[in-house]
Amino acid sequence: MSKLIVSDLTCQRGYNELFSNLSFELNSGEILKISGANGSGKTSLLKILAGLNSAESGRLSINNNKAGSYDYQSDIFYLGHLPALSPELHCKENLDYLTQLSTSSSNQELDDALTNVGLKNFENEYAANLSAGQKRRVVLSALFITQSKVWLLDEPFTALDADGINVIETQITKHCDDGGICVLTTHQKCNLPSLRTLVL
């Protein structure tokens, strides 16, 4: 069983307080969708949970491991809304780099992950030559490899067609069925089971 606990979290950017005293808990198998208007703090919240940004106040833990600790960070897998790919690396090289923190993958596992998102035979294609949708698929193929318990996904369905969305929704569902936790933002309708919503 995994548990993510967020207690009394407050986030301020410049002179603007985006949210304050935010608290929630998520257990194994749960999916939380973060909603709110542009600028409400959705991405900021995910980055705080991922350890990339600091909150003004509050506490975070995963299975009693505090934010910033090695055990906390190793349980987190974060994907931002922009494709964090190096244009000078092949698809497989980018995927290997994206997943190194949480797992070590074989060539076959990397190939299989790319195949799962519709990029078979693109393993050695440079990221610079990919379309926006293909770049997004490379990033999301990491979901077929990472062993992290908590997934933080910022707009995961951006630039994907209906088939691509279905593939990723299926993988998120499998992750949570296997005891994982997922927190995501999206402006699109989700077909995910037991979806909770938090509005900022």
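**Exercise 1. The first hairpin**

How many residues lie between β1 and β2 in their hairpin, and which residue in the turn has a positive phi? Work it out on this structure, which is a predicted model.

*Solution.* Start with the turn: two residues separate β1 from β2 in the hairpin. Now check the backbone there, and you'll find glycine 14 with a positive phi of about 65°. Next, look at how the two strands pair: they run antiparallel and are joined by eight bridges. To pin down the register, pick isoleucine 5, whose bridge partner in β2 is glutamate 25.

**Exercise 2. The antiparallel sheet**

Work out the strand order of the four-stranded open sheet, then find its edges.

*Solution.* Going across the sheet, you read β2-β1-β4-β5, with antiparallel pairing. The strands that pair on one side only are β2 (16–27) and β5 (65–66), and that puts them at the edges. Now zoom in on the β5 end: β4 (residues 57–62) pairs with β5 over two bridges, in the antiparallel sense. Serine 61 sits opposite lysine 66 in β5. Finally, see what packs here: helix α1 (residues 42–49) lies across β1 (3–13), β2 and β4, at about 125° to β1.

**Exercise 3. The parallel sheet**

Trace the five-stranded open sheet and say which helices pack on it.

*Solution.* The order is β6-β7-β8-β3-β9, and the pairing is parallel. Its edge strands are β6 (76–79) and β9 (195–199), as each pairs on one side only. On average, neighbouring strands here are turned by 15° against each other, ignoring direction.

Take the β6 end as a sample. Four bridges join β6 to β7 (residues 150–154), and the two run parallel. Tyrosine 78 faces leucine 152 in β7.

Now the helices. Helix α1 turns up again, lying across β3 (31–35), β6, β7, β8 (181–185) and β9, at about 150° to β7. Helix α6 packs on the sheet as well, touching β3, β7 and β8, and its direction makes about 145° with that of β8.

**Exercise 4. Two helices crossing**

At what angle do the axes of α3 and α4 cross, and what does that make of their arrangement?

*Solution.* The axes of α3 (residues 91–99) and α4 (residues 107–116) come within 10 Å and cross at roughly 105°. Angles from 65 to 115 degrees count as roughly perpendicular, so α3 is roughly perpendicular to α4. For the contact itself, Cys91, Lys92, Leu95 and Asp96 in α3 meet Asn107, Leu110, Asp111, Ala113 and Leu114 in α4. Sort those by class and you get five nonpolar, one polar and three charged residues.

**Exercise 5. A cavity and a pocket**

Which residues line the largest cavity, and which ones are closest to the centre of the second largest pocket?

*Solution.* Cavity first. The structure holds one cavity of 30 Å³ or more, and the largest cavity has about 40 Å³ of space. Lining this cavity are Val117, Arg137, Leu140, Leu160, Gly164, Val167 and Ile168. Helices α5 (132–140) and α6 each give two or more of the lining residues, and α6 gives the most, with three. By class, the lining has five nonpolar, one polar and one charged residue.

Now the second largest pocket, with about 250 Å³ of space. Of its 15 lining residues, Thr146, Gln147, Ser148, His175 and Asp178 are closest to the centre. Helix α6 (residues 162–177) gives the most to this lining too, with three residues. The classes here are four nonpolar, eight polar and three charged.

Notes
Residues are numbered from 1 along each chain as its sequence is written. This is a predicted model: local features need pLDDT of at least 70, side-chain atom pairs count only at pLDDT 80 or more; totals for chains, interfaces and linings use all residues. Side-chain values use heavy atoms; hydrogens and water are left out. Axes are lines fitted to C-alpha atoms, for helices over the stretch in contact, and angles run from 0 to 180 degrees between N-to-C directions. Angles under 35 degrees count as roughly parallel, over 145 as roughly antiparallel, 65 to 115 as roughly perpendicular and the rest as oblique. Contact means heavy atoms within 4.5 Å. Ala, Val, Leu, Ile, Met, Phe, Trp, Tyr, Cys and Pro count as nonpolar, Asp, Glu, Lys and Arg as charged, and the others, Gly among them, as polar. Two strands pair if DSSP finds at least two bridges between them. On a 1 Å grid over the protein atoms alone, a cavity is a set of points where a 1.4 Å probe fits but cannot get out, and a pocket is an open set with protein on both sides within 12 Å along at least five of seven lines; lining residues have an atom within 4 Å of a point. Grid points are joined across faces, edges and corners, and a volume is the space filled by probe spheres set on the points.
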